[in-house]
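Hello,

Here is the structure I promised to pass on. Have a look at it first, and then read my notes below.

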Amino acid sequence: MQSLDVCKRTSGKIWHRKPTPSTDNGLMVSITNSQSGPLSQNGRSIRFLHTSFDNTGDCFIAGDHQGNIFLFDLNKNRFALTQKCGHPCTALAYNLRRKTEFLVGLSDYSLKCFDTDTKEMVAWMKGHESAISSISVHASGRYALTTSFDVAQLWDLDTFQRKRKLNIKEDVGIVQVFFLPLSNTIITGFKDDTIFGWESDTLNCKYQLPVPPGKSPHYKAYAPTRDGRLLAAGGRSRFIHLWDLDTHRLLRIIELPIKVTTVKQLVFLPDNFDAGASQTLGVLSQDGIIRFININTCKLLFDVGGVENRINNVTVSPGGRYLVAVMEDGSLHVYNLHTMSDELSKPPAPLVKVVTNNKMSETMSTERSSILKKNRSLSAPARGKENRLEDSDIEKELPETLNADRLKAILKGYGEYPAKYRMFIWRSILRLPENHTAYAALVDKGTHPAYSKIHEDYPVKSRKLLRILQRILSALAHWSPIFGETQYLPVLAFPFVKLFQNNHLVCFEILASFMVNWGEHWFEYFPNPPINILAMIENVLAHHDKYLLQHFVKYGVTSQIYAWPLLETLFSEVLTRDEWLMLFDNVFTNHPSFLLMVVVAYAMSARGPLMQCVELDDFRYFYHHRNAVDVRRVIKEAYRLMEATPGDIHPRDSLEEFRPLTVGQYPVFNKYPKFIVDYQVQERERIRQEELDYMRQRQVSLEMQKETVKRQQEEEAWYRQQQLLLEAEEKRRHMIQTEEQKLVDQRKRLYAMNREVKLKELQLLDAARRKFLHFQKQQRESELKRLDDEVQRKALLRDQETETALEEAEIRNLELQLQKKMFEQELFRDFATAGQQLRTEQDMHRKQAELEERIQQRLRDAERERQVEIRKQLQENLAKAAQQNIEAWAQNEFEYRRRVEDLERETKSVQLSKTNSQNRQLEREVHDLMLQCQEKRERDVEDKQEELEEQKQAATKADKRRLEFVEDEARNAQEHGKSMTEDVLNATRKQRLGQSYLNNTTQSSAWNTLQTSSDPESSVSLERSSRTFDKQELALLNEVRRLRQKLAIENRNKKPPVNYDST
């Protein structure tokens, strides 16, 4: 027993030398899957769960607990990891129509189909809500049945779609659902022990098997025979019920030993001689032992397994040769069942027992054969298909030994052996020794050089058949060198190889027996055809049909044309398979000279067509193709020639009797011209060596050529790459030039657009300046017009004011109080004006900072933009200077008019001094209050001016630092703009200082004017003309009254500043 560990291996050999299982347990190999663990050297073992054989019986797949699917080929001695599913498998099926595909049910309740060659998933089928317990495939391979606890589903394996679904009641579970072999019936077994048969096409119920009376058997396992006529069922008892599915009745109850309490699995063993009616039943019980029982005799044949390592489940190959058991420890045990019991491989007894001395034969069992033999004589063979016995009419028991005379009688009676016993009869007739060791030694020598390239000369479609042919021919060549030089040996051996492709040893020994007995003298004239054998054939033909021989001679047809093609192909080119088998049934049964008589008989049976042939090619065609020749007639004619040929020309005298192969070692075969064969072997070896040298040199030359071509290609690729790089570089250079040109054009357009924008901006500024000047002009004109209107209105109202002067004197006291409030309001307004000026200065400072930032940015621009900016600034300064001139002129005009009004008011005060004497004291108080306010304001103004001067000095220092930084940065870029930038900044600073001085001067003049107007004793020039004072006096009085009323109304609505006391 050998062992195999597939630990972390994806492929390899199953065994290193061919196993020789013993007759004790038949164990060939034990397969495990161990993994080394981090804490132990031995590691743990991954348990195998299920197995399944393919249709040939040479390959099986096995799935383990981790979802790995392994393929084991017992014929090729190879294994491979085909798939990693990731989930433990619960069921397997490998007998699909496409030989490389298999189905696997996984623990995630899914059903998947994989391909063993491509190792890819073909389909993924879902629909079960519990684990799949079994998979049954129809005999056609088109449909599959999957069974779980609560449902069974029918799948179409062409489309991988669910076709039907069997739902059941909740209280009744499904045990198993499967197809019956060789039929369209589906068997369903339920947990209530009911068994139904369904038509698979229509799913109509065909029958129901009755439940056995008595205690419930609790069926758990079912097994049908290969012909689908019997069904075995077992469960939680030691009784097995055997049902006849033709009559739907209980055929037999088999009682198992007392130690068996539960049946876990049932399986029938196929047999080569039972035509599907299996007689051996395997029963796996709860103790882990599978017992094989003959269901007819109820005899225990043998058992497999033991209590120390129990069997969980088993799978039997379709041919009944191998058994794969999944053990309790998770390993796989592969058994050879044929070595465990002689009952399995023992052929049945002979169908007929024959009485010698040419008396009537008599059958031993069947009535039909006895009736047929009473009406038939042994010397008159049966003719036609109506006289042939069918296989089903022949008894299954034969005597323990076979007799040649009896077999000849069968051939004369039926013309051939029964098909299902033919192989056994051939092996018995030829008395094959079955030298396993000698044959293995020949096979171990490997492929013979003469047949290493047989696939080129004989392109057989089946790769398996070609390998078998190559192996057997190599073994023959190793046995005798002449077979390595024989050109026609593959054609001669091919029919036997095709017939015995599953038993190489028998095929080899049949060919060896044929060469030792029938081909003994074929190689005496090697490499020419066997002239002595052909001469024997020609002598027999000349004796029995000289006219046909004369016809052959007339047209130059020699025995190498009409006899040798039949011998070197063994009639395989001119006969069908059944005809060939029938012929060799007779050839192997008779003397070796019978084959030569068959050649002559074939020519004589086809005498008519051959006499019509006159062309040499027609004769060649006739002997290389099938013709309308009855093989039974040919065999009958051969028997006649065997009896009618005289002894002097009969081949029997020249050929020896049949001699079987020796047991243990094969005999020496050296009946050939050794020097010729040795010379050919030497020449072949020399040619082979020269060919090897030539192939080696050619390989070196090819490699050098490939290397040269490779280098040329690399060089061409390098030049092509360089060319592409140059083209790409040129293209990029052109693109860069194009982009640069576009950039230049865009810059030109941008400069033009900037120039247009600047020109438009200058135009807009100029238009805005002109518009503003025009607006100021209009405003000044309107102001002058208003003043003129006011002067005229005041002149008109002077008369009215003179009349109301007395009334005004009465309200003078009230007006003085109002005037006090007015002065307080004016102080508040002055305070607001000062705040507004302060905010104005802050805005100007912020604008100055923004201007400096813009100057810093614009210094980096082109010289032309700086000149435009400087020109713009100069124009703005000129506009501001003009505006300041206009404002100074307007303020001077306003001062002049105000001084005129003050003088007029002083003149009025002088004229009215007499009437207002009582109010002067109050006016002095007002004057004192105004002086106090003025002094306080002056102190505040001086403090604020000191703070402002300090802030201005700090700002001036910061401005100087910032300007120095800007100037240093701009000096490196462009020295030319320094002087112009300094002029702009100096002009801006002078303008700001001039504006500040103008504002201060305006405030001082206003305050002096107010003092002058509030001083009653100040000297007033009265040298003006009396007419001017008279005209303006009335207007001024009216204006003063209106202003006083307006101030009184405003003072009622506004509160005085909190800084001053109300007196």
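**Thr147 and its surroundings**

Leaving aside neighbours within four places in sequence, Thr147 is in contact (heavy atoms within 4.5 Å) with His128, Ala131, Ile132, Ser133, Ser134, Ile174, Val175, Gln176 and Val177. A word on the basis: this is a predicted model, in which local features need pLDDT of at least 70 and side-chain atom pairs count only at pLDDT 80 or more, while totals for chains, interfaces and linings use all residues. Residues are numbered from 1 along each chain as its sequence is written, and side-chain values use heavy atoms, with hydrogens and water left out.

Thr147 itself lies in strand β15 (residues 143-147); helices (H or I, at least four residues) and strands (E, at least two) are DSSP runs, numbered from the N terminus. Because its relative accessibility is 0%, Thr147 counts as buried, where buried means under 20% relative accessible area, exposed over 50%, and partly exposed in between (1.4 Å probe, protein chains only). Its side chain also reaches the backbone nitrogen of Val177 at 3.4 Å. That is a polar contact: a pair of N or O atoms within 3.5 Å, where within protein one must be able to donate a hydrogen and the other to accept it, and residues adjacent in sequence count only if both atoms are side-chain atoms.

**Strands**

Strand β19 (residues 185-190) runs antiparallel to strand β20 (residues 195-199), and 5 bridges join them; two strands pair if DSSP finds at least two bridges between them. Gly189 stands opposite Ile195 in β20. The two strands form a hairpin with 4 residues between them, and Asp193 in the turn has a positive phi of about 70°. β20 also pairs with strand β21 (residues 205-209), in the antiparallel sense, over 4 bridges. Here Gly197 has Tyr207 in β21 as its bridge partner. This second hairpin, of β20 and β21, has 5 residues between the strands, with a positive phi of about 60° at Leu203 in the turn.

Elsewhere, 5 strands form an open antiparallel sheet in the order β2-β9-β8-β7-β6. Its edge strands, β2 (11-12) and β6 (48-53), each pair on one side only. For β6, the antiparallel partner is strand β7 (residues 59-64), joined to it by 5 bridges, and Phe48 is matched with Asp64 in β7.

**Helices and cores**

Helix α7 (residues 463-479) is largely enclosed by the rest of the structure, because 12 of its 17 residues are buried. Among them are Leu465, Gln470, Ser474 and Trp479. The cover over the buried residues of α7 includes α5 (436-444), α6 (454-457), α8 (482-485), α9 and α10 (504-517). Helix α9 (residues 489-499) is itself mostly covered, with 8 of its 11 residues buried.

The largest nonpolar core (a set of buried Ala, Val, Leu, Ile, Met, Phe, Trp, Tyr and Cys residues joined through side-chain atoms within 4.5 Å) has 107 residues, and Trp522 and Phe571 have the most contacts inside it. Helix α16 (residues 594-605) gives the most to this core, with 11 residues. Apart from it lies another core, of 21 residues, among them Leu4, Phe53, Leu81 and Val334. Not counting neighbours within four places in sequence, the contacts of Trp522 include Tyr488, Leu492, Phe514 and Trp564.

**Salt bridges**

A search of the whole structure finds 24 salt bridges, each a side-chain nitrogen of Lys or Arg within 4 Å of a carboxyl oxygen of Asp or Glu. One of them joins Asp246 to Arg229, with the closest N and O atoms 3.0 Å apart. This pair links distant parts of the chain, 17 residues apart: Asp246 is in the loop between β24 (239-244) and β25 (249-255), and Arg229 in the loop between β22 (219-224) and β23 (230-235).

Another salt bridge is that of Arg640 and Glu637, at 2.3 Å from N to O. These two are separated by about one helical turn, because they are 3 residues apart in helix α19 (residues 631-644). Glu637 is buried, as its relative accessible area is 18%, whereas Arg640 is partly exposed at 39%. Finally, salt bridges that share partners join Arg97, Arg142 and Asp158 into one network.

Best wishes
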